[in-house]
Amino acid sequence: VESRHPKKRAWAQQLLETILQRQSSDTAHTASLVPRPPRSFRIGLSGPPGAGKSTFLEIFGKFLTAKDHRIAILAVDPSSSFTGGSLLGDKTRMIELSRDPNAYIRPSPTSGTLGGVAQNTSEAIVLCEAAGYDIIVVETVGVGQSEYAVADMA
């Protein structure tokens with residue numbers, strides 16, 4: 001969902017539409033039977049650079065996967081002014097967790113988006129839920145006056 005390539009963006013849009021249609025038809029079918037619990041537990045994590053967010057997430061993620069959870073970490077990083085990609089790559093600081101088959105770590109560039117999250121973070125959450133991740137953590141780019149968008153994703 002983050003690609004700038006027109007064909008890949010079209011495929012991503014088609015995938016998202018298919019997932020959302022299936023989710024809405026599943027909800028409509030079961031709504032009369034029993035209330036449906038949330039698809040995932042969502043956590044927003046923010047803090048100043050160097051505070052240990054990635055270190056915490058590696059330990060916390062290993063704890064959760066040991067308890068049979070599937071965790072997705074959407075780590076939002078500053079963007080490179082040259083490539084537009086993630087500058088820091090939080091995944092490199094979560095080496096053990098990145099090897100865990102029940103964990104998914106996706107570094108995403110802000111690409112100039114304010115609010116501490118990437119432009120397509122909401123779509124990435126939908127895809128992670130559809131892939132069966134029951135805990136989704138959004139690690140924001142940092143702390144400041146404008147890094148509040150993650151609160152709207154819970």
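Reader: Buried means under 20% relative accessible area. By that cut-off, which residues of H4 are buried?

Author: The model is a predicted one. H4 is one of four helices in the chain. Its buried residues are Thr121, Ala124, Ile125, Val126, Cys128 and Glu129.

Reader: In what order do the elements of the chain run?

Author: The chain has four helices and four strands. From the N terminus on, their order is α-β-α-β-α-β-α-β.

Reader: What share of the residues in the chain is buried?

Author: The chain exposes about 9300 Å². Carbon and sulfur atoms supply 57% of that area. Of the 154 residues in the chain, the buried share is 36%.

Reader: Among contacts between residues at least 6 apart in sequence, what share joins residues at least 24 apart?

Author: One pair distant in sequence is Gly47 and Thr140, 93 residues apart along the chain, with C-alpha atoms separated by 7.8 Å. Across the chain, among contacts between residues at least 6 apart, the share that joins residues at least 24 apart is 73%.

Reader: Which element gives the largest share of the largest nonpolar core?

Author: The largest nonpolar core has 12 residues, among them Leu45, Leu57, Ile71, Met94 and Val137. Helix H2 (53-66) and the strands S2 (71-77), S3 (103-109) and S4 (135-139) each give two or more residues to this core. The largest share is three residues, and they come from S2.

Reader: How many residues are in the other core?

Author: The largest core includes Ile135 and Val137. Apart from that core lies another, with Ala124, Cys128, Tyr133 and Val138 among its members. Ala124 and Cys128 are also among the buried residues of H4. The size of this other core is eight residues.

Reader: How far apart along the chain are Glu129 and Arg42?

Author: Glu129 forms a salt bridge with Arg42, and their closest N and O atoms are 2.7 Å apart. The bridge links helix H4 (residues 121-130), which holds Glu129, to strand S1 (residues 41-45), which holds Arg42. The separation along the chain is 87 residues.

Reader: Which side of that bridge is buried, Glu129 or Arg42?

Author: Arg42 has a relative accessible area of 31%, so Arg42 is partly exposed. The other partner has 12%, under the 20% cut-off. The buried one is therefore Glu129.

Reader: Which residue meets Lys62 in a salt bridge?

Author: The count of salt bridges comes to two. In one of them, the N to O distance from Lys62 is 3.3 Å, and the partner is Asp100. This pair too links distant parts of the chain, Lys62 in helix H2 and its partner in the loop between helix H3 (95-98) and S3. Lys62 is partly exposed at 31% relative accessibility, whereas 10% makes a buried residue of Asp100.

Reader: How far apart are the end C-alpha atoms of H2?

Author: H2 has 14 residues. At 1.5 Å a residue, the helix should span 20 Å. The model agrees, because the end C-alpha atoms are separated by 20 Å.

Reader: What arc do the buried residues of H2 cover around the axis?

Author: The buried residues of H2 are Lys53, Ser54, Leu57, Glu58, Gly61, Leu64 and Thr65. They lie on the same side of H2, because their arc around the axis is only 135°.

Reader: Which residues are exposed on the other side of H2?

Author: An α-helix has 3.6 residues a turn, so residues three or four places apart point the same way. One residue of H2, Phe63, is partly exposed at 47% relative accessibility. The exposed residues on the other side of H2 are Thr55, Ile59 and Ala66.

Reader: What is phi of Asp68?

Author: Asp68 is found in the loop between H2 and S2, and is exposed, with a relative accessible area of 70%. Most residues other than glycine have a negative phi. Asp68 is a residue other than glycine with a positive phi, near 70°.

Reader: Which residue with a positive phi follows H4?

Author: H2 is followed by Asp68, with its positive phi. After H4 there is a residue with a positive phi as well, near 95°, and that residue is Gly132.

Reader: Is Gly47 buried or exposed?

Author: Gly47 lies in the loop between S1 and H2. Its relative accessible area is 6%, under the 20% cut-off, so Gly47 is buried.

Key:
Residues are numbered from 1 along each chain as its sequence is written. This is a predicted model: local features need pLDDT of at least 70, side-chain atom pairs count only at pLDDT 80 or more; totals for chains, interfaces and linings use all residues. Side-chain values use heavy atoms; hydrogens and water are left out. A nonpolar core is a set of buried Ala, Val, Leu, Ile, Met, Phe, Trp, Tyr and Cys residues joined through side-chain atoms within 4.5 Å. Buried means under 20% relative accessible area, exposed over 50%, partly exposed in between (1.4 Å probe, protein chains only). A salt bridge is a side-chain nitrogen of Lys or Arg within 4 Å of a carboxyl oxygen of Asp or Glu. The expected span of a helix is 1.5 Å times one less than its number of residues. The arc is that of the directions from the helix axis to the C-beta atoms. Contact means heavy atoms within 4.5 Å. Accessible areas come from the Shrake-Rupley method with a 1.4 Å probe; for residues, only the protein chains shown count as cover.
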